Amino acid sequence: MVKDGKTHIESLRDGRRIFIDGQCVDDHTRHPAFRNAVASAAALYDFQAHPEQLDKMTFVSPKTGDRVSRMWQLPTSLAELVERRQALEAWAELTCGMLGRSPDHVASCISGLYMGLDLFERHNPARAAAVRDYYEYARDRDLYLTYVIISPQADRSKGAGEQSDEFLVAGVCDEDREGITIRGAKMLGTGCPLANEIFVGAIQPLKPGEEKHSFTAVVPLNARGLRILSRKSFEAHARSTFDNPLSSAYDENDAVLHFDDVKVPWQRVFVHNDIQLAQAQWHAIPTHVYQNYQCQVRLMVKMRFLLGLARRIADTIGVTNFPQIREQLGQLAAETAMVEGMVVGMEAAGWSYGKYFIPNTKLLYSAMVLTQQLYPKFVTALRELSGGGMIMLPSSVDDFANPEIARCIGQTQRSPATDSVGRVKLFKLAWDAVGSEFGSRHLQYEMFYAGATMVTRGHAFRTYDWDRAVGMVDGFMATYQLPQADAAKAL
């Protein structure tokens with residue numbers, strides 16, 4: 001028994017309320033704004049359910065005996081960590097790394113919370129039980145989860161509890177013996193049309209007096225009172241697969257979630273009225289490391305894809321052997337290999353948290369800082385390599401159906417490496433990757449999904465072994481002094 005694509009799509013037909021273009025969507029799995037992305041998500045489950053992929057992509061649930069995705073695996077050794085990464089890498093390759101909020105991301109978050117049950121036990125055993133039970137519930141149903149963990153921007157000079165509306169930022173407005181009630185908004189709900197449930201929490205620091213906002217809970221996306229406010233769909237505006245090969249298939253969508261007094265039972269509440277735990281759940285236990293390790297695995301795949309695109313562009317326009325182009329491609333190749341090396345390094349230099357083996361924190365945060373810089377650089381390199389090639393394209397695939405236009409295309413879209421159709425196909429892909437609205441959104445996503453640069457660099461500063469680095473300096477300076485005569489003069 002392994003979850004497949006058909007099962008996943010059926011699980012999404014749950015009556016959730018997604019709003020787009022002024023309307024509430026009846027069945028988003030069939031709606032032109034979402035259906036292709038839903039199918040791409042389903043393809044991930046079909047891949048893991050294929051008999052030839054079962055061992056690589058799944059493991060046996062210790063509770064049910066059924067096979068479930070390795071995204072829920074809790075490694076206890078380097079070998080198991082690598083085994084899990086290879087499954088995540090295979091999933092990312094199916095989408096060219098373009099699904100930033102694929103199922104394995106928030107599954108990694110929940111798994112990290114589970115690894116840190118000791119923290120929850122110290123704060124509140126009931127909340128620890130909720131984490132334990134939910135991890136097993138989600139694992140054994142192979143749920144696709146996403147999350148909203150930051151506040152609407154509003155007035156950034158003020159905290160969550162200082163906004164003009166008491167519940168602009170989602171908070172607990174009521175509680176009883178059955179659970180809590182959430183009111184307000186959270187963002188950025190990436191992947192909501194593809195997911196089953198949503199993790200709601202606060203990763204931004206909270207202050208005393210903002211306890212109502214210091215909750216963490218998991219909510220089904222069809223919960224009563226929950227509105228999913230979608231941004232513009234790039235999928236809906238994609239002319240065809242040929243014209244928009246990426247945005248027509250992998251527009252995972254982003255949304256603001258508005259909670260209109262949504263009731264959440266206690267068994268789905270992990271943190272409540274506890275500012276300290278609301279922050280500690282991210283950094284005092286493996287949560288933040290484990291989920292961002294998944295991000296680096298995905299981004300590693302995505303950078304390989306962009307590198308391949310750069311090489312193919314150079315080949316197509318006949319410039320691969322130009323010294324300056326080989327230099328540029330060599331630089332991009334080295335940077336891609338650096339990311340690959342950092343992923344391998346953070347595994348090899350991993351450490352044990354209790355019985356679990358997790359990636360090296362210092363190397364993870366170093367990779368996050370560097371890849372925030374590398375992704376825009378790759379986009380710029382693709383633009384430089386392409387020049388006008390990404391612009392001088394037929395208006396749409398329909399141009400090929402007109403004999404007169406098709407003849408002109410054949411005369412003008414020339415290449416030493418392919419025919420006119422192949423050239424147009426490549427540059428349509430390149431434009432969709434870096435120049436379209438879809439591509440622009442990906443640039444914004446990769447630059448900020450982990451926080452502003454001051455945040456990621458702060459993590460790198462916080463986790464580096466400064467004692468070792470500074471100790472080397474101090475130790476070396478201790479090996480020499482002023483000459484004795486000069487020292488006497490200085491005194």
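A residue is called buried under 20% relative accessible area, exposed over 50% and partly exposed in between (1.4 Å probe, protein chains only). The views below show a predicted model, in which local features need pLDDT of at least 70, side-chain atom pairs count only at pLDDT 80 or more, and totals for chains, interfaces and linings use all residues. Residues are numbered from 1 along each chain as its sequence is written, and side-chain values use heavy atoms, with hydrogens and water left out.

**View 1. A nonpolar patch on the surface includes Val 470.**
Phe 461, Tyr 464, Trp 466 and Val 470 make this patch of about 420 Å². Patches consist of residues with over 30% relative accessible area and no salt bridge; like charges are joined within 9 Å, and nonpolar side chains (Val, Leu, Ile, Met, Phe, Trp, Tyr) within 5 Å. A salt bridge is a side-chain nitrogen of Lys or Arg within 4 Å of a carboxyl oxygen of Asp or Glu. Areas come from the Shrake-Rupley method with a 1.4 Å probe, and for residues only the protein chains shown count as cover. Val 470 has a relative accessible area of 41%, so this residue is partly exposed. Val 470 belongs to helix H16 (residues 466-477); helices (H or I, at least four residues) and strands (E, at least two) are DSSP runs numbered from the N terminus.

**View 2. Strand E7 pairs with E6 and with E11.**
Two strands pair if DSSP finds at least two bridges between them. Strand E6 (residues 171-176) runs antiparallel to E7 and is joined to E7 by five bridges; Gly 171 has Arg 183 as its bridge partner in E7. Two residues lie between E6 and E7 in this hairpin. Eight antiparallel bridges connect E7 with strand E11 (residues 255-265), where His 258 stands opposite Ala 185. Of the eight residues in E7 (residues 179-186), seven are buried.

**View 3. Cys 192 is buried and has no disulfide partner.**
A disulfide is a pair of cysteine sulfur atoms within 2.5 Å. The closest cysteine sulfur to that of Cys 192 is in Cys 24, 14 Å away, which is too far for a bond. Cys 192 has 0% relative accessibility and therefore counts as buried. The disulfide count is zero.

**View 4. Phe 199 and Phe 270 form a tilted ring pair.**
Rings of Phe, Tyr and Trp (its six-membered ring) pair if their centres lie within 6.5 Å; planes under 30 degrees apart are stacked, over 60 edge-to-face and the rest tilted. The whole structure has 15 aromatic pairs. In the pair of Phe 199 and Phe 270, the centres are 6.3 Å apart and the planes are at 50°. Phe 199 lies in strand E8 (residues 197-200) and Phe 270 in strand E12 (residues 269-271), 71 residues apart. Both Phe 199 and Phe 270 are buried.
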